[in-house]
Each structure stands twice: as C-alpha cells, then as structure tokens.
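Trainee: Please pick one part of this model and take a close look at it with me. Then link it to the rest of the chain, giving the cut-offs as you go.

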Amino acid sequence: MQQIAKHTGKVNGVRQGTVSVVIESISACASCEAHSKCGFSESKEKQMDIDTPDWQQFHEGDVVEVRIHQGLGLLAVLWAYLLPAALLLATLLLTLLNGVGEGLSILISFGVLLVYLLVLYANRRRLQHRFSFQVEKI
C-alpha cells in the first residue's frame, strides 16, 4: 500500500479543467508558544494549479485536501535537487581532475547544469502528467 502525502488548502480560483489551491506550509516550531519571539518560525503560502476533470464542483473559498503519492514526492526531490547537485559536483570534479582550470571548470559545470534544466523544462508536460496531484473537498 502506497503512503499518500496530504495537505489542506483553500481554493482561490477555478478555471476550465484547473483548480488553484493555496496551501499554507508551517514549520514544526509554529506550535511552540515562543515562536513569535524566536524569529526562527517559518510560514509560507504556496499556490498550485491542479488539473482535474471535476473542476466544476469546486468554488473559490472551498477547503480542500491535496494529495500525492509519497513515492512521487521523493522522486520529485530526486529530479529537482539530488540529480542536479550530483551532476554539478561530478562535472566539477571531472574537469578539475583532467587539468582544466578552476574558473573554466565552474563555467563548464554550470553549463552542464543549464543543459539539464533545459531538458527538464522541455519535458515539463510529461513530468506534469507523471507528478499529478488529486484534489478533494473536505
């Protein structure tokens, strides 16, 4: 059985085929009584557009639950953070070990990273379908 990550959000817009949801992401220290004086607490709003065939049942202001399979979330972290970091470091080390100067090694590494990001961008439609969210009224 796959675990599902769930977040509660609020609908702030509905378009044909798409529901816009705002999710407030609150850090763990938000429940601490001293969080307002501490300065380390963090609260951010994140907006996401979710494609759904049931878009007509949602209205602005509805409280909803957004779900994604946890395995897909981990895969997204791999594609967005781990692979680019590994690619950057590997390119930097390989160029330095092959006698390329530090400045040029950095430029080559950033160039390879840029190519990686362009490939991700070119495949964004395919990735959007793979990393799909489900939205449900509460």
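**A loop residue and its surroundings**

Mentor: Happily! Glu 60 has a relative accessible area of 64%, so it is exposed (over 50%; under 20% is buried, and partly exposed is in between, with a 1.4 Å probe and protein chains only). Keep in mind that this is a predicted model, where local features need pLDDT of at least 70 and side-chain atom pairs count only at pLDDT 80 or more, while totals for chains, interfaces and linings use all residues. Residues are numbered from 1 along each chain as its sequence is written, and side-chain values use heavy atoms, with hydrogens and water left out.

Glu 60 sits in the loop that links β3 (43–51) and β4 (63–69); helices (H or I, at least four residues) and strands (E, at least two) are DSSP runs, numbered from the N terminus. Apart from its neighbours within four places in sequence, Glu 60 touches Val 11, Asn 12 and Gly 13, a contact being heavy atoms within 4.5 Å. Val 19 is 41 residues away from Glu 60 along the chain, yet their C-alpha atoms are 9.1 Å apart.

Val 11 and Val 19 lead us inward. Both belong to the largest nonpolar core, whose ten residues also include Val 21, Met 48, Phe 58 and Val 135; such a core is a set of buried Ala, Val, Leu, Ile, Met, Phe, Trp, Tyr and Cys residues joined through side-chain atoms within 4.5 Å. Two or more of the core residues come from each of β2 (18–26), β3 and β4, and β2 gives the largest share, three residues. Val 21 shows how this region is connected: beyond four places in sequence, its contacts include Val 11, Asn 12, Met 48, Ile 50, Val 64 and Val 135. Val 11 and Asn 12 also turned up beside Glu 60.

Now step back to the whole chain. Its elements run β-β-α-β-β-α-α-α-β from the N terminus, giving four helices and five strands. Of its 138 residues, 20% count as buried. Among contacts between residues at least 6 apart in sequence, 68% join residues at least 24 apart. The chain exposes about 10,200 Å², with carbon and sulfur atoms supplying 60% of it; these areas come from the Shrake-Rupley method with a 1.4 Å probe, and for residues only the protein chains shown count as cover.

For another surface spot, try Leu 78, which lies in helix α2 (residues 70–97). Its relative accessible area is 32%, so Leu 78 is partly exposed.
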